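User: Please take a close look at the surroundings of the ligand in this model, and then follow the elements outwards from there into the rest of the fold. I would like one connected account rather than a list.

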Amino acid sequence: MTAAALDYIPGLISAYRAGHAGDHVHLGYWGQGAASDWRTAQEAMTDLHLDALDLQDGQTVIDVGCGIGGSLRLANARLLNSRLVGVNIDPRQLAICETHEATGANRLEWLECDAGAVPIGDCSVDRILSLEAMFHFPARQDFLSEAARMLRPAGVLVCSDIVFGTPRKTTEARLLAVVQQGYAPWPQPVLKVDATIQMGRIAGLALRRIADLTAHVMPTWDHIVSSRDDPERSPVAAMRDLHRAGLLHYPMYVFEKRGA
Ligand SMILES: C[S@@+](CC[C@H](N)C(=O)[O-])C[C@H]1O[C@@H](n2cnc3c(N)ncnc32)[C@H](O)[C@@H]1O
């Protein structure tokens with residue numbers, strides 16, 4: 001990890017340590033009355049992903065780009081006798097992950113590595129989650145290929161992404177640059193959903209389902225953008241404005257490894 005990368009993380013870690021934020025580092029899900037407050041909306045987003053994973057007791061589950069461990073904390077509460085492995089390139093977040101405790105016969109492990117090179121054996125994993133993290137990875141294709149390598153045949157990958165349409169105006173291009181710098185690394189912000197589905201196909205992953213969560217994350221901005229945030233300087237305000245302009249898309253993919 002370069003020193004310039006993930007500059008937004010220390011503020012989130014401080015907020016978590018001060019008790020002002022929970023252990024989820026992602027947008028909220030507000031669909032179908034799922035939430036009326038920020039923390040519930042973040043948990044609802046995690047639950048949506050965990051539901052899509054179709055978790056079963058005894059499985060090995062990996063969370064790639066695991067933040068500070070909130071998703072695996074909730075997975076641990078759903079499962080018995082399971083191996084839960086969090087992967088993150090950032091040791092600052094993994095130090096918080098280490099404070100989570102597994103219950104019963106579950107095992108929690110945390111690995112410091114890149115999403116494209118995870119030290120886990122071939123065909124040894126039942127479920128892989130990556131919640132709102134793949135836009136940071138050096139190459140989505142490498143991550144999808146690595147996920148396919150680790151999954152057993154018929155294993156499931158659930159991953160969500162934030163992608164943008166091509167800016168139509170110079171103001172939109174400026175806002176996109178603010179997002180890309182403020183939330184760096186973000187190597188390829190402009191991308192079509194079909195391109196990711198094709199990358200999955202190349203990796204050996206068949207798309208089972210895609211959910212468009214774009215509209216369901218919109219209320220998030222009312223909770224995390226302040227009226228003092230200038231979109232020309234503040235990445236969170238820039239992201240809100242790009243969303244309102246119809247340029248931000250939030251897909252959640254459910255892939256299955258071929259070859260069952
Ligand atoms: C927006 S956060 C989402 C965190 C977590 N999935 C959650 O929902 O709370 C993105 C995460 O991806 C991690 N990340 C960024 N680049 C990575 C890489 N190349 N390999 C592994 N993890 C990475 C970040 O450190 C961060 O924890």
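Analyst: **The shell around the ligand and what lies beyond**

By class, the shell around the ligand consists of nine nonpolar, nine polar and three charged residues, in what is, it should be said at the outset, a predicted model. The ligand is surrounded by 21 residues, of which Gly65, Gly67, Ala115, Ala133 and His136 are the closest. Two elements contribute two or more residues each to this shell, namely helix H3 (70-78) and strand E2 (83-88). These two elements offer a convenient way outwards, H3 towards a neighbouring helix and E2 into the sheet.

Taking H3 as the starting point, its packing against helix H2 (residues 38-53) has an angle of about 55°, with the axes 10 Å apart. An angle between 35 and 65 degrees falls outside both the roughly parallel and the roughly perpendicular ranges, and H2 and H3 are therefore oblique to each other. The crossing in which H2 passes H3 is right-handed. On the H2 side the contact is made by Thr46, His49 and Leu50, which meet Gly70, Ser71, Leu74, Ala75 and Arg78 of H3. Sorted by class, this contact of H2 with H3 holds three nonpolar, four polar and one charged residues. In the loop that leads from helix H1 (9-17) to H2 lies Gln32, a residue other than glycine whose phi is nevertheless positive, near 45°. Most residues other than glycine have a negative phi.

The other contributor, E2, belongs to an open sheet of seven strands with mixed pairing, whose order is E3-E2-E1-E4-E5-E9-E7. Strand E3 (107-112) and strand E7 (205-212) stand at its edges, and each has a single partner strand, so one side of each is without a neighbour in the sheet. From one strand to the next, the twist averages 15°. Further along the sheet, strand E5 (residues 151-160) and strand E9 (residues 251-257) run antiparallel and are joined by five bridges, and Cys159 has Tyr253 in E9 as its bridge partner.

Helices also lie across this sheet. Helix H5 (residues 140-150) lies across strand E1 (60-64), strand E4 (125-130), E5, E7 and E9, and its direction is at about 145° to E5. Helix H7 (residues 193-203) lies across E7 and E9, running at about 155° to E7. Where H5 and H7 approach each other, their axes come within 9 Å and cross at roughly 40°, and the two helices are therefore oblique to each other. Their crossing is right-handed. The residues that meet are Arg140, Gln141, Leu144, Ser145 and Ala148 in H5 and Thr196, Met199, Gly200, Ile202 and Ala203 in H7. This contact of H5 with H7 divides into five nonpolar, four polar and one charged residues.

The loop between H6 and H7 is the place of Pro185, and the peptide bond that joins Ala184 to Pro185 is cis, with omega about 0°. Most peptide bonds are trans. On the other side of that loop, helix H6 (residues 170-182) packs with helix H9 (residues 235-244) at an angle of about 135°, their axes being 8 Å apart. That angle makes H6 oblique to H9. H6 passes H9 in a left-handed crossing, whereas the crossing of H5 and H7 is right-handed. In this contact Glu172, Leu175, Leu176, Val178, Val179 and Gly182 from H6 meet Pro235, Ala238, Met239, Asp241 and Leu242 from H9. By class, the residues of the contact of H6 with H9 are eight nonpolar, one polar and two charged.

To return to the ligand, its shell draws two or more residues from H3 and from E2; H3 packs obliquely with H2, and E2 takes its place in the sheet between E3 and E1.

Technical notes: Residues are numbered from 1 along each chain as its sequence is written. This is a predicted model: local features need pLDDT of at least 70, side-chain atom pairs count only at pLDDT 80 or more; totals for chains, interfaces and linings use all residues. Axes are lines fitted to C-alpha atoms, for helices over the stretch in contact, and angles run from 0 to 180 degrees between N-to-C directions. Helices (H or I, at least four residues) and strands (E, at least two) are DSSP runs, numbered from the N terminus. Angles under 35 degrees count as roughly parallel, over 145 as roughly antiparallel, 65 to 115 as roughly perpendicular and the rest as oblique. A crossing is left-handed if the near helix is turned anticlockwise from the far one by less than a right angle, and right-handed if clockwise. Two residues are in contact if their C-beta atoms, placed from the backbone, lie within 7 Å. Ala, Val, Leu, Ile, Met, Phe, Trp, Tyr, Cys and Pro count as nonpolar, Asp, Glu, Lys and Arg as charged, and the others, Gly among them, as polar. A residue is near a molecule or strand if its C-beta atom, placed from the backbone, lies within 6 Å of it. Two strands pair if DSSP finds at least two bridges between them.
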